[in-house]
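The following exercises concern a single protein model. Please attempt each task before reading its solution.

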Amino acid sequence: VLILILIGAFFSFFYGCATVHDYEPKSQDEVEIKALLVDMETKWKNLDKPGYLALMSDDAKIMYGRERKIVSKAEYAKLLPERMKELGPMKFGTPDINVTGDTATVKLSVSVRGRSRPFTLNLLRSQNRWMFKSSSS
């Protein structure tokens, strides 16, 4: 029984540590979406407000905070520098990507300040590139 518990803990630990960087894309769309997710992480970590906002569609709707408030891209741009500093680096877990035409849904975990929670990103392909459109948790 102890061996089974240790094996379960081992897999749980390593599965929980899997990130978007470990993800093996199954199609060209998934390659591009993975690149977008890695870009989002990197630009957030580097406090690159213009770069992070450039990954969003102009009509993006962003959910943030414990209250899960939804704001426009323009409204979020005003909050972004403070949020980036306050929250620190974020890490995406292994994504579950579902592509339908020019839209995609990405389910993954987002870790901030040592806490992880499930998150869904809705993406849109516009001008031959994937962009963030909206989110929910």
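**Exercise 1. Determine whether Tyr 64 and Tyr 76 are buried or exposed, and describe how their rings are arranged.**

Solution. In this predicted model, Tyr 64 is buried, and Tyr 76 is buried as well. Their rings form an aromatic pair with 6.1 Å between the centres and 55° between the planes. Edge-to-face would require an angle over 60 degrees and stacked one under 30 degrees, so the pair is classed as tilted. Tyr 64 belongs to strand S1 (residues 56–64) and Tyr 76 to helix H4 (residues 73–87). With these positions 12 residues apart, the pair links distant parts of the chain.

**Exercise 2. State how many aromatic pairs the structure holds, and classify the one formed by Trp 44 and Tyr 52.**

Solution. The structure holds 2 aromatic pairs. In the pair of Trp 44 and Tyr 52, the centres are 5.3 Å apart and the planes meet at 70°. An angle over 60 degrees counts as edge-to-face, and therefore this pair falls in that class. Both Trp 44 and Tyr 52 are buried.

**Exercise 3. Give the order of helices and strands along the protein chain.**

Solution. The protein chain contains 4 helices and 7 strands. Read from the N terminus, their order is α-α-α-β-β-α-β-β-β-β-β. Among contacts in the protein chain with a separation of 6 or more, 45% join residues 24 or more positions apart. Of its 137 residues, 36% count as buried.

**Exercise 4. Explain why Ser 57 counts as buried, and list the residues it touches.**

Solution. Ser 57 is located in strand S1. Its relative accessibility is 5%, which is why it counts as buried, the limit being under 20%. Leaving aside residues up to four places away in sequence, Ser 57 touches Lys 73, Met 131, Phe 132 and Lys 133.

**Exercise 5. Characterise the largest pocket by its volume and its lining.**

Solution. The volume of the largest pocket is about 660 Å³. It is lined by 27 residues, of which Gly 65, Arg 83, Leu 87, Val 112 and Arg 117 are the closest to its centre. Elements that give two or more residues to the lining include helix H2 (28–45), H4 and strand S5 (103–112). The most is given by S6, with 5 residues. Sorted by class, the lining comprises 16 nonpolar, 3 polar and 8 charged residues.

**Exercise 6. Examine the backbone and the exposure of Arg 68 and Gln 127.**

Solution. Most residues other than glycine have a negative phi. Arg 68, although not a glycine, has a positive phi of about 55°. Arg 68 sits in the loop between S1 and strand S2 (69–72) and, at 46% relative accessibility, counts as partly exposed. Gln 127 likewise has a positive phi, near 55°, and lies in the loop between S6 and S7. Because its relative accessibility is 75%, Gln 127 counts as exposed.

The loop between S6 and S7 also holds Asn 128, which counts as exposed because its relative accessibility is 72%. From Asn 128 to Asp 102 the C-alpha to C-alpha distance is 9.3 Å, with their positions 26 residues apart in sequence.

**Exercise 7. Identify what the pLDDT shows for residues 1–15.**

Solution. The average pLDDT of the protein chain is 86, and 87% of the residues score at least 70. Over residues 1–15, however, the pLDDT is below 50, and this stretch has 0 contacts in the model beyond near neighbours in sequence. Where pLDDT is low, predicted coordinates should not be read in detail.

Terms used
Residues numbered from 1 in each chain as written. Predicted model: local features only at pLDDT ≥ 70, side-chain atom pairs only at ≥ 80, totals over all residues. Heavy atoms only, no water. Phe/Tyr/Trp six-rings, centres within 6.5 Å; stacked < 30°, edge-to-face > 60°. Buried < 20%, exposed > 50% of the residue type's maximum accessible area, 1.4 Å probe, protein only. pLDDT = per-residue confidence, 0-100. Contact = heavy atoms within 4.5 Å. 1 Å grid on protein atoms, 1.4 Å probe; cavity = no way out; pocket = protein on both sides within 12 Å on 5 of 7 lines; lining within 4 Å. Points joined across faces, edges and corners; volume = space filled by probe spheres on them. Nonpolar A, V, L, I, M, F, W, Y, C, P; charged D, E, K, R; others polar.
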